[in-house]
Amino acid sequence: MTRFIGFIPSARTLWLLAGGGLAITIIAIFLPAPLGVTLATVLTCAWYLLILGLAGIDAWRSKTDRIQVQREQLGKLSIGRDNLVTLTVQSIASSATSRQFSYQIRDGVPADLAVNNEPISGKLAGGDPQTITYPVHPYRRGEYQWQGIAVRQLGAWGLAWQQWRVDSAQTAVVYPDLVGLKALSIRLTLQSTGSLRQARKRGMGTEFSELRDYNSGDDPRAIDWKATARRNRPLIRVLEPEQEQTVIILLDRGRLMTANIQGYQRFDLGLNATLSLALTAIQRGDRVGVGVFDRYLTTWIPPQQGQNHFSRILDRVSRIEPELLEPDYLGAVTTILKQQSRRALVVVITDIIDEIASAELLTALGRLTPRYLPFCVTLRDPQVDIRAHELAADIPGAFTQAVALDLLHQRELAFANLKRKGVLVLDAPATQISDRLVDRYIQIKSRNQL
């Protein structure tokens with residue numbers, strides 16, 4: 001459905017109005033005063049009426065050649081990515097093959113999305129449809145409502161733009177970083193099929209993989225003496241990390257996770273890391289469970305395997321938002337201990353301010369050792385690193401640098417306490433945490449630490 005708004009004079013019309021008025025004024029200068037003024041007024045009014053009338057006729061004639069604009073169905077959008085929106089422009093007029101249609105389009109993009117606000121301009125030649133794409137960049141998850149499409153089309157004489165609105169309301173949902181998850185899935189698939197060769201550390205792992213000939217430099221302890229005797233040549237046993245292990249991911253959604261980092265909520269970046277780790281562990285054959293907590297364990301997805309399980313995780317956690325509440329680390333870990341009896345890698349994704357504030361976190365993770373393997377993952381604000389290492393130019397800058405350095409020092413003390421308790425630690429810039437966490441998990445698996 002379209003709704004007509006009106007017509008707007010084009011730049012050509014404005015030039016004609018100004019040029020005609022100027023020409024009549026110059027001519028009137030050379031005529032006697034009473035006659036010149038009267039004649040100039042009459043001619044100017046007549047000229048303006050003529051041009052505006054022609055512009056109106058030009059806009060009215062454009063109704064028969066009106067182009068059609070349609071927005072393709074919006075899919076799932078990814079936070080932190082440039083998502084392409086596609087518009088289709090087409091003319092169905094019989095005269096479409098004999099002229100070009102100049103147009104301007106402004107889509108009804110929600111105000112909360114980052115997008116180029118300039119209208120889309122172009123020319124449609126003939127009756128062939130034209131596809132237009134433009135990017136939108138969401139900084140927050142949630143539902144967004146697209147409004148109608150405002151369209152302007154230049155008349156055949158170039159004197160006026162006809163303007164109307166196409167009712168094209170749609171709702172799009174912004175999810176976590178689906179684009180990054182898709183790229184990660186492809187990379188993991190290539191690695192698992194051997195298209196990307198990974199260096200395998202000899203002797204690492206607990207599960208038998210294959211027998212192969214002994215080569216110079218191999219560990220003699222890996223020789224399979226029975227197979228060597230049967231085949232009359234030295235063979236070694238190749239071991240790989242045990243499959244079907246358990247990974248528990250606990251994502252903090254408390255007060256510290258509401259902070260903004262480079263336009264994104266820390267929680268959203270932590271959620272991307274959670275999904276990246278879950279996808280990697282599932283593709284490595286592990287059982288994955290996910291919990292989200294603040295003062296209570298608000299969401300709990302028991303450990304399972306398979307791609308269907310990952311889809312359930314994605315659906316359950318995609319709409320969760322952080323809360324201005326203090327997280328209960330001890331309560332979340334205690335709940336997990338009651339439900340998880342077998343050994344597991346327990347990953348807590350949160351943030352740390354200083355040694356005192358992390359005391360409860362230290363106590364909670366300390367309860368996991370030695371039966372479980374605790375892993376604390378913190379999302380550092382890159383701006384703190386910049387402030388701590390940039391050269392201060394004035395006294396306020398020096399104070400800012402001192403505070404930043406103190407924050408980093410306090411974090412290091414907290415991490416030192418965690419490491420003394422046998423807790424694995426990963427502290428990385430929040431915008432890089434997903435890749436760092438996946439690499440660290442693969443390293444843990446290859447070293448058979450779990």
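Q: At what angle do helix 7 and helix 8 pack, and how far apart are their axes?
A: This is a predicted model. Helix 7 covers residues 329-339 and helix 8 covers residues 359-366. They pack at an angle of about 15°, with axes 8 Å apart.

Q: Are helix 7 and helix 8 roughly parallel or roughly antiparallel?
A: The packing angle is about 15°. Angles under 35 degrees count as roughly parallel. Helix 7 and helix 8 are therefore roughly parallel.

Q: Is the crossing of helix 7 and helix 8 left-handed or right-handed?
A: The axes of the two helices lie 8 Å apart. Where helix 7 passes helix 8, the crossing is right-handed.

Q: Which residues of helix 8 meet helix 7, and how do the residues of the contact divide by class?
A: Helix 7 brings Y329, L330 and V333 to the contact. Helix 8 answers with E360, L361, T363 and A364. The contact residues divide into 5 nonpolar, 1 polar and 1 charged.

Q: Which helix packs with helix 11 at about 30°?
A: Helix 11 spans residues 433-446. Its partner spans residues 266-283, and the axes are 8 Å apart. The angle of about 30° makes the pair roughly parallel, and the crossing is right-handed. The partner is helix 5.

Q: How many charged residues are in the contact of helix 5 with helix 11?
A: From helix 5 come L269, N272, A273, S276, L277, T280 and A281. They meet I433, S434, L437, V438, Y441 and I442 of helix 11. By class, 9 are nonpolar and 4 polar, and the charged count is none.

Q: Which strands does helix 11 lie across?
A: Helix 11 runs at about 155° to strand 20. It also lies across strands at 246-252, 345-350 and 373-380. The full set is strand 13, strand 18, strand 19 and strand 20.

Q: Which strands are the edges of the sheet ordered 17-16-13-18-19-20?
A: This open sheet has 6 strands in mixed pairing. Neighbouring strands are turned by 15° on average, direction ignored. Each edge strand pairs on one side only. The edges are strand 17 (297-304) and strand 20 (424-429).

Q: Which residue of strand 17 stands opposite V290?
A: Strand 16 covers residues 287-293 and pairs with strand 17 in the antiparallel sense over 5 bridges. Opposite V290 stands I301.

Q: What is the average twist in the sheet ordered 2-4-7?
A: The 3 strands form an open, antiparallel sheet. Strand 2 (67-71) and strand 7 have a single partner strand each, so one side of each lacks a neighbour in the sheet. From one strand to the next, the twist averages 25°.

Q: Which residue in strand 4 is the bridge partner of R71?
A: Strand 2 pairs with strand 4 (residues 83-91) in the antiparallel sense over 5 bridges. The partner of R71 is L87.

Q: How many residues apart are E321 and R140?
A: Their side chains meet in a salt bridge at 3.9 Å, N to O. E321 sits in the loop between helix 6 (307-317) and helix 7. R140 sits in the loop between strand 7 (130-136) and strand 8 (142-154). The pair links distant parts of the chain, 181 residues apart.

Q: Which residue does a cis peptide bond join to T369?
A: Omega of this bond is about 0°. The partner is found in the loop between helix 8 and strand 19. It is P370.

Technical notes. Residues numbered from 1 in each chain as written. Predicted model: local features only at pLDDT ≥ 70, side-chain atom pairs only at ≥ 80, totals over all residues. Heavy atoms only, no water. Pairing = 2+ DSSP bridges. Helix = DSSP H or I, 4+ residues; strand = E, 2+ residues; numbered from the N terminus. Axes fitted to C-alpha atoms, helices over the stretch in contact; angles between N-to-C directions. Contact = heavy atoms within 4.5 Å. Parallel < 35°, antiparallel > 145°, perpendicular 65-115°, else oblique. Left-handed = near helix turned anticlockwise from the far one by under 90°. Nonpolar A, V, L, I, M, F, W, Y, C, P; charged D, E, K, R; others polar. Salt bridge = Lys/Arg side-chain N within 4 Å of Asp/Glu carboxyl O.
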